[in-house]
Amino acid sequence: MTPPLAGPPVDLRSDTVTRPDARMRRAMADAEVGDDVLDGDPTLRALEEEVARLLSAEDALWVPSGSMGNLIALCVRLERGDRFLAPDRAHVLDQEVGTAAWLAGGMPRTLPWSAGPGRPRPDDVTRAVGRGGPYFALRDRLLCLENTHNAAGGTVTPPAEHRRLVAAAHTAGLLVHLDGARLWNAAVALGVPVAELAEGADSVQVCLSKGLGAPVGSVLAGGAAFVREARRVRKMLGGGIRQGGVLGAAGLVALGRVDRLAEDHENARLLAAGLAERGWKTDVPQTNIVLLPVDDPAGTVALLAGRGVRTVPTDDAVRMITHHDVTRRDILRAVDAFPTPG
Ligand SMILES: *Cc1c(COP(=O)(O)O)cnc(C)c1O
């Protein structure tokens, strides 16, 4: 029997569990603020401009969460009953309470992972849209991409493949929204500027509260007209935050932490390698998510929790995500907590 770990639990449930450190809290306390609903908050504005610059977008809008950013994009782009396409098991399909249908009025169509885990092929887009149809056919409006693809295990779509997907969508008359909650991770894994992975997309959502460690916040970027409309929808959803600069300041600190995601990726590889050494079968992680296929995910998660390692069960795996608040030593402790397979 493996004894419980000495020391505090190692929390691998998500990269959202990171807590703002002293530097970030100081920046929040010192933030210059205004009224973002009335006439603007200077710190939120600085953050929006910086993210727009990083993504080579015309403009950007801070939003309280990634889910709200995705929902706003869908609300702006879809009329009731319009169809949107998204890769199978996309966050916008499975993890957002059905708001794509409930609030944005979208009819989803899933795309297969024919180019690899989490990655559809341009052909899949073309085929899903078809060549028009009878008067009662659905109107296809939007392709939602996801990079990295969370449920597939943080898989990365490289720039050339991204551009081909965007081109297929545009040719078929669709606009493109990119759910880039972890686009930073994809950029660091590939060693390319984040703008390259957003090229051609008509809107992009990036999270500040995952690996970058802000307590709250995402940014939704796109053209100026899109962002004007997005601001209206944000207010409609109750997302106008008045002295939001307190949160925006955390986002600005978070943006300075993109490069350190490489450490999370290294820790994820260390974790996977450690598990492989113990006899487990797992893919080499592309970014900061490790999926370990097991027969009894809930049972394994409970057993690990008893040994001081917090993880999340999926349908067929234990999911572990590395982040700012876990060290290399924590990873080695986590590996030790695993039982032997079988
Ligand atoms: C976390 C996540 C979101 C949503 O972010 P929240 O801030 O938790 O609402 C959207 N898409 C993907 C791929 C995510 O991993």
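A polar contact is a pair of N or O atoms within 3.5 Å; inside a protein, one of the two must be able to donate a hydrogen and the other to accept it. Keep that in mind as we look around this predicted model, starting with one glutamate.

**E146 and its neighbours**

E146 sits in strand β5, which covers residues 140–146. Which backbone nitrogens does the side chain of E146 reach? One is the backbone nitrogen of H91, at 2.7 Å, and another is that of N150, at 2.9 Å. Both distances are within 3.5 Å, so they fit the definition we began with.

What about charge partners? E146 is buried and has no salt bridge. The nearest side chain of opposite charge belongs to R182, and it is 6.3 Å away. A salt bridge needs a side-chain nitrogen of Lys or Arg within 4 Å of a carboxyl oxygen, so R182 does not make one with E146.

E146 also has plenty to touch. Leaving out residues up to four places away in sequence, its contacts are P87, A90, H91, V92, A151, L178 and D179. One of these, D179, is also the residue that stands opposite E146 in strand β6.

**The strands side by side**

Now let's step back to the strands. Here is how they pair up:

| Strands | Sense | Bridges |
|---|---|---|
| β3 (83–87) and β4 (107–111) | parallel | five |
| β3 and β5 | parallel | three |
| β5 and β6 | parallel | five |
| β6 and β7 (203–207) | parallel | four |

You can find some of the facing residues in the structure yourself. L85 stands opposite R109 in β4, while F84 stands opposite L142 in β5. Further along, G180 has V206 in β7 as its bridge partner.

Is β3 enclosed or open? Five of its five residues are buried, so β3 is largely enclosed by the rest of the structure. Its side chains go two ways: R83, L85 and P87 point one way, F84 and A86 the other, and all of them are buried. Strand β6 (residues 175–180) is mostly covered too, with five of its six residues buried.

Helices link some of these strands. β5, helix α7 (residues 159–171) and β6 make a right-handed β-α-β unit. β6 then takes part in another right-handed β-α-β unit, with helix α8 (residues 183–190) and β7.

**Some unusual backbone spots**

Most residues other than glycine have a negative phi, and most peptide bonds are trans. A few places here go against that habit.

Where is the cis peptide bond? Look from N147 to T148: that bond is cis, with omega near 0°. T148 lies in the loop between β5 and α7.

Next come two residues that have a positive phi although neither is a glycine. For S56, phi is about 55°. You'll find S56 in the loop between α2 (42–54) and β2 (59–63). Its relative accessibility is 61%, and the cut-off for exposed is over 50%, so S56 counts as exposed.

For R89, phi is about 65°. This residue is found in the loop between β3 and α4 (91–94). Is R89 buried or exposed? With a relative accessible area of 32%, R89 falls in between and counts as partly exposed.

Conventions: Residues numbered from 1 in each chain as written. Predicted model: local features only at pLDDT ≥ 70, side-chain atom pairs only at ≥ 80, totals over all residues. Heavy atoms only, no water. Buried < 20%, exposed > 50% of the residue type's maximum accessible area, 1.4 Å probe, protein only. Lys, Arg positive; Asp, Glu negative; His and termini not counted. Contact = heavy atoms within 4.5 Å. Pairing = 2+ DSSP bridges. Right-handed = clockwise from strand over helix to strand, strands pointing away.
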